[in-house]
Every structure is written in C-alpha cells, then in structure tokens.
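Colleague: Please take a close look at one strand and its surroundings, and tell me how that part is covered and paired.

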Amino acid sequence: MYSTERAGIAAKTKRGKKQQQPLAWREQLEAGQIKHWKKVREIGDEIRFHLSDRTTYIHDDAVHFLAELPPNSIHAIVTDPPYGLIEYEEKHLQKRKAGSGGVWRVPPSFDGSTRAPLPRFTVLSGDEINQLHTFFSAVAYGALRALVPGGHVFIASNPLLSSMCFHAFQEAGFEKRGEIIRQVQTLRGGYKPKGAEAEFPDVSVMPRSCWEPWGMFRKPLIGTVSENLKTWGTGGLRRATPDEPLRDLIPCYPTRGTERKIAPHPSLKPQRFMRQIVRAALPLGVGIVYDPFAGSGSTLAAAAAVGYHAIGTDRSLEYVEMARHAFAPLSALKV
Ligand SMILES: C[S@@+](CC[C@H](N)C(=O)[O-])C[C@H]1O[C@@H](n2cnc3c(N)ncnc32)[C@H](O)[C@@H]1O
C-alpha cells in the first residue's frame with residue numbers, strides 16, 4: 001500500500017544521529033512519488049516499453065493489470081474504453097478493414113469524401129449489453145481498489161451506453177462527480193429510415209450526435225478534501241488557472257488529420273481535449289495517471305505534454321507498437 005505519509009527526510013541532529021524530520025506535506029508527497037513511480041512502472045511480467053522517464057506502456061489486459069496493481073497505487077484514471085467488447089476483436093477489425101459487415105459502419109458520404117468507420121452500438125443485443133455491464137463492473141471494482149482515496153476516473157462514453165457504464169462505477173462504490181461533455185460534431189445518428197429514405201424524407205431514426213459524455217467519478221475521500229489532498233495528492237480537480245475551474249462543457253474539433261497520420265487508431269482522441277482533462281485529473285500535478293485502454297497512447301502523450309507520470313495498458317500489441325511511434329510526436333504537438 002502506498003502512503004505518502006511514509007515519505008520523510010533523514011536529517012542529522014547536533015550529535016550527528018540521524019532522525020526523521022517531518023517534511024512539509026507537499027515535499028512529502030513529491031518525495032514519496034518518485035520512489036513509488038519507480039516501483040509501479042515495473043509491476044508485472046508483461047512486455048513493457050518505457051516511452052520516457054515518466055511514461056510506461058504495458059502490453060496487458062486492463063482487468064488483469066488492475067488486479068496486479070497494489071491497493072492505493074494510482075492517482076487518476078483517464079480512459080476511452082471499448083464499448084462493444086467485440087469491436088476490437090480481430091474478426092471485427094478485419095471486417096472494418098474490408099469495409100463491410102460487423103459492428104463497424106461507414107457513415108454515409110455527403111460531400112464526396114470517404115468517412116472513417118464508426119462502431120455501431122445499436123447492433124448490440126441485450127445479452128451483449130449485460131456482458132458489457134459485467135466487464136465495466138470488473139474494471140470499476142479494480143479501479144476502486146487501485147486508486148488512492150479521492151482519485152478521479154474520467155471515462156469516455158456515448159449517449160447510447162453511458163448509463164450502463166456509469167451505473168457500474170456507482171455500484172462499485174465510486175461517487176459520481178458529474179460528466180464532461182465533449183462538444184463535437186460526429187457522424188453518428190441522424191440517418192433516415194434504412195431502405196426507405198425517399199419515402200420518409202422528413203424522418204430520422206435518432207438525432208445526429210453532437211456531444212460525447214465523459215463520466216467523472218471519485219473514490220471516496222478520507223477526511224476533508226484538504227486532508228485528502230495533503231495525504232494523497234487527490235480529491236479535487238486542477239484548475240486551468242487560479243481563476244478558471246475545469247468546465248464540464250468543452251467544445252472540441254474532431255481529431256485533426258495531423259494527429260490521425262501520427263496515430264492511425266480508429267478511436268484516436270484529440271490532444272487538445274485530452275490535455276485539458278488529464279491535467280485536471282491531478283489536482284496538485286503529483287501522482288500517476290493510468291489509462292487501462294490506452295490504444296495509440298493519446299492519454300500518455302497528453303500526460304507527457306503536461307508533465308505528468310503515466311502508465312498505459314492495451315491488450316493489442318499492434319496498438320502498443322503504434323503508441324511507441326506516436327508518443328513523441330503526439331506529445332510534442334502544439335494544440
Ligand atoms: C476506444 S480504444 C482507445 C483509443 C485511445 N483513446 C486512443 O486515442 O488511441 C479502446 C482500446 O482498448 C483496447 N482493449 C479492448 N479490450 C481491452 C482489454 N480487456 N484490456 C486492455 N485493452 C483493451 C483496444 O485494443 C483499443 O485499443
């Protein structure tokens with residue numbers, strides 16, 4: 001178990017004997033963090049890549065790695081999980097590459113340019129949604145154990161499946177602290193009835209989606225926010241400036257072409273957005289951010305850009321390799 005309270009400094013007394021002097025709480029936190037980081041980045045036997053002295057990417061299953069982490073060892077989780085469970089299976093990725101069938105759907109073209117496929121969550125059956133709930137429960141229980149008290153989770157979702165995912169986090173024991181709305185023009189929804197577009201020109205089957213919900217959860221605090229901040233470095237959110245709190249509506253363009261070229265992952269999130277939420281996730285800028293479903297490493301790159309320690313896992317070696325190449329250029333991008 002990690003407690004920053006254990007961090008101290010050996011100072012010499014007048015008689016030359018070493019004695020533990022209490023440090024100011026901030027120095028204790030920072031001293032504890034350095035030792036702690038060295039241990040946590042080496043946990044487990046899986047293949048890992050130290051992408052920088054503050055960033056490690058491990059080829060592992062998220063639920064497995066969460067179980068390997070010691071209790072109270074991570075300070076924030078920022079992640080964009082799979083929502084079909086099946087969409088990142090090899091069979092469905094092959095169908096995506098072939099351009100037809102499966103859970104990936106190519107949005108209709110309206111300006112002559114080809115669109116990237118999006119996962120089609122409306123094809124999930126009741127059983128698949130139940131399986132998803134079980135999966136998110138396993139992630140949520142693992143996260144609750146691995147996070148320090150007051151640690152935040154920011155988890156990307158979509159309007160069709162967010163209630164199921166968010167409920168799993170609340171059931172596990174997290175407090176819901178709100179939602180960040182990433183305001184973004186997507187190509188989801190807004191379609192006319194399939195095969196009867198001409199017959200029903202004024203009908204769409206669901207709204208065109210213009211936002212992406214990110215659930216925000218917090219592991220219960222120990223004591224007050226101030227006490228929790230001093231002991232664990234967590235419990236609140238970092239402000240953009242002393243006068244400017246994190247806002248829960250963040251207007252954001254879709255991921256830019258330059259970023260997609262660097263990291264051609266089907267679900268790449270934009271640096272401009274990721275850096276804002278990753279930065280906010282550590283209120284004092286001290287601690288470790290973990291992304292269990294790190295994909296091409298956009299969370300890790302964002303953490304590097306704001307100067308944080310971060311660990312990622314992904315069960316696909318292809319995406320781990322993609323992140324190894326994308327990490328430096330993504331984190332160096334101006335946003
Ligand atoms: C939505 S994508 C995340 C993409 C990421 N936001 C980015 O910008 O590159 C979800 C990722 O989770 C990975 N994944 C799916 N199931 C997993 C599991 N059980 N453990 C770890 N990774 C998993 C997939 O390989 C995929 O890369």
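Modeller: A residue is called buried if 20 or more other C-beta atoms, placed from the backbone, lie within 10 Å of its own, exposed if 12 or fewer do, and partly exposed in between. Helices (H or I, at least four residues) and strands (E, at least two) are DSSP runs, numbered from the N terminus. Residues are numbered from 1 along each chain as its sequence is written. The model is predicted, so local features need pLDDT of at least 70, side-chain atom pairs count only at pLDDT 80 or more, and totals for chains, interfaces and linings use all residues.

Strand 10 spans residues 211-218, and seven of its eight residues are buried. Two strands pair if DSSP finds at least two bridges between them. Strand 8 (residues 147-156) runs antiparallel to strand 10, with five bridges joining them. Strand 9 (residues 175-183) is also antiparallel to strand 10, through eight bridges. M216 of strand 10 is the bridge partner of F154, and G178 stands opposite M216 as well.

F154 leads on to the nonpolar core, a set of buried Ala, Val, Leu, Ile, Met, Phe, Trp, Tyr and Cys residues joined through C-beta atoms within 7 Å. The largest such core has 64 residues, and F154 is among those with the most contacts inside it, as are L300 and A323. Helix 10 (residues 317-332) gives the largest share of this core, seven residues. In soluble globular proteins, nonpolar side chains tend to be buried together.
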